[in-house]
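Let's take a walk through this structure together, one element at a time. Have the sequence and the 3D view open as you read.

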Amino acid sequence: MKNTGKKFLSLILVLTMVFAMSSIPASAVNVYEENEYKGLKEVYDYGNKEDKNFFEKISDTFHWYIARLFVLFEADCPICGEHFVIPGIESDVVVYYNQAINSLKNYKGTVYMTKKTTTNVQISEPVPQAVKNILISIADSLSGTSQISYTFFGGADLNGVKITDVVQPLGRESCLTAEGVKSSFARMSDNAGGIESIIISVVEESTVYDGTVVQNPVHNMCIIDPLNPATLEIRPVSIINAMINYPETVAGITFDKKGRVDSIDIRLPIEVDFTCRISSLIAVTAACEAEIIEEYDFTYIS
C-alpha cells in the first residue's frame with residue numbers, strides 16, 4: 001500500500017513538472033489577478049487569457065501552483081523565475097524608481113550617507129603615436145576612486161550641502177519614463193511596500209558635442225548627469241568635437257525594512273569618438289571608453 005502511494009505521488013509530481021514546463025511558451029505575456037497572495041499580486045491566473053486551448057490552460061494552472069509552492073519557501077519559480085510583483089508597479093518599475101529617488105532627495109530626517117565613485121578611462125586603439133602618451137596620461141589622471149561621507153539634517157549637512165545635490169541626478173528630480181527603459185526588474189520581500197530591490201537599464205543613446213555645446217541624452221539625463229567635455233580638466237588637450245555614446249546605463253536600488261532607500265548603485269559606461277588638438281599640433285582623432293560607478297549607502301538615524 002505504501003509503495004502504491006509513493007508511485008501515485010511520483011506520477012503526480014512528474015505530470016506536474018511536465019505540464020509546468022510546457023507552459024513557458026503559453027505564458028509569454030503576464031496576466032494579473034486582482035487578488036493578492038502573501039502581499040504580492042500574482043502574475044499567472046488559472047489559465048492565461050492568451051492560452052489557445054484546453055491543454056495550455058491546464059499547463060498554466062499547474063505552473064501557477066508550482067510558483068505558489070516555491071514562494072512559500074521564499075524562492076523563485078525554478079522554471080521561469082519571478083512570478084509575483086508588487087501591486088501597483090507590476091507594469092512600470094520605473095515609476096517606483098523615480099518615487100524612491102525623489103523621496104530620498106526630499107527626506108527631512110537625519111541620515112548618514114557614504115558615496116563612492118570609481119572611474120576608469122581607457123584610450124582605444126589605434127591612437128596617433130604623436131599624442132598617444134599624452135592621451136593615456138590624461139586618461140590615467142581621470143581614473144581612480146574617491147569616497148566622501150555626509151550627515152544630512154532636514155535635507156542638508158552642516159556645510160549647507162543638500163542631499164539632492166549629491167544624489168544622481170544632481171540637483172534635479174529623477175524623471176525617467178517607460179520609453180527610456182530597456183529592461184527593469186523588481187525583487188520582492190516582506191519590507192514595507194513589499195519590495196527589496198529594483199534595477200533599471202536605460203536604452204542606448206548617442207549625443208554630439210560641437211566644441212561648445214553638448215546635446216543631452218534625453219533618457220539618461222533623467223537619472224544621471226551626462227558627460228560634458230567642456231567641463232573636463234584635460235590640458236593641454238582641447239576637444240574640438242565628439243560623438244558620445246551611452247550604451248547601457250544601469251541603476252539599482254535596495255530598500256531597508258521600512259521601505260526607505262538603503263543603497264544606490266549606478267553604472268555608467270560611455271564611449272567617445274573625438275577630435276582634439278594638443279597645444280599647437282594639428283587636430284587628431286581618437287576614441288576612449290570609460291565606466292563611472294557610483295555607490296551610495298545610507299544609514300537612517302531618525
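How far apart are the end C-alpha atoms of helix α3 (residues 93–105)? Keep in mind that this is a predicted model. At 1.5 Å a residue, the 13 residues of α3 should span 18 Å, and the ends turn out to be 19 Å apart, which agrees. Now look at what surrounds this helix. Of its 13 residues, 10 are buried, so α3 is largely enclosed by the rest of the structure. Among the buried ones are Val93, Val94, Tyr96 and Tyr97, along with Ile101, Leu104 and Lys105.

Helix α4 (residues 129–142) makes a good next stop. Its 14 residues should span 20 Å at 1.5 Å a residue, and its end C-alpha atoms are indeed 20 Å apart. Which residues of α4 are buried? They are Val131, Leu135, Ile138 and Ala139. These cover an arc of only 100 degrees around the axis, which puts them on the same side of α4. Here the general rule helps: with 3.6 residues a turn in an α-helix, residues three or four places apart point the same way. Swing round to the other side of α4 and you'll find Gln129, Asn133, Asp140 and Ser141, which are exposed. Just after the helix comes glycine 144, with a positive phi near 140 degrees.

So what do the buried residues of α4 pack against? The answer is four strands: β4, β9 (237–246), β11 and β12. Strand β12 (residues 284–300) is a handy one to follow. On one hand, β12 runs antiparallel to β4 (residues 110–124), with 14 bridges joining the two; in that pairing, threonine 117 stands opposite glutamate 294. On the other hand, β12 also pairs with β11 (residues 261–278), again in the antiparallel sense and over 14 bridges. There, tyrosine 296 of β12 is the bridge partner of isoleucine 264. β11 and β12 form a hairpin with five residues between them, and serine 279 in the turn has a positive phi of about 55 degrees. That one is worth a second glance, because most residues other than glycine have a negative phi.

Next, the empty space. The largest pocket has a volume of about 720 Å³. Its lining is made up of 32 residues, with Thr119, Leu142, Leu227, Leu232 and Ile292 lying nearest the centre. Which elements give two or more residues to that lining? They are β4, α4, β9, β11 and β12.

Time for the loops. Most peptide bonds are trans, but there are cis ones to point out here. A cis bond joins glutamine 168 to proline 169, with omega at about -10 degrees, and proline 169 sits in the loop between β5 (144–153) and β6 (181–188). Another cis bond links arginine 235 and proline 236, where omega is about 10 degrees; this proline 236 belongs to the loop between β8 (205–209) and β9.

Finally, go back to the loop between β5 and β6, where glycine 171 is also found. Glycine 171 is partly exposed, at a relative accessible area of 44%. Leaving aside its neighbours within four places in sequence, glycine 171 is in contact with Lys105, Thr164 and Asp165. Lys105 should ring a bell: it is one of the buried residues of α3. The C-alpha atoms of glycine 171 and aspartate 225 are separated by 9.6 Å, although the two residues are 54 residues apart along the chain.

How values were computed:
Residues are numbered from 1 along each chain as its sequence is written. This is a predicted model: local features need pLDDT of at least 70, side-chain atom pairs count only at pLDDT 80 or more; totals for chains, interfaces and linings use all residues. Side-chain values use heavy atoms; hydrogens and water are left out. The expected span of a helix is 1.5 Å times one less than its number of residues. Buried means under 20% relative accessible area, exposed over 50%, partly exposed in between (1.4 Å probe, protein chains only). Two strands pair if DSSP finds at least two bridges between them. The arc is that of the directions from the helix axis to the C-beta atoms. Contact means heavy atoms within 4.5 Å. On a 1 Å grid over the protein atoms alone, a cavity is a set of points where a 1.4 Å probe fits but cannot get out, and a pocket is an open set with protein on both sides within 12 Å along at least five of seven lines; lining residues have an atom within 4 Å of a point. Grid points are joined across faces, edges and corners, and a volume is the space filled by probe spheres set on the points.
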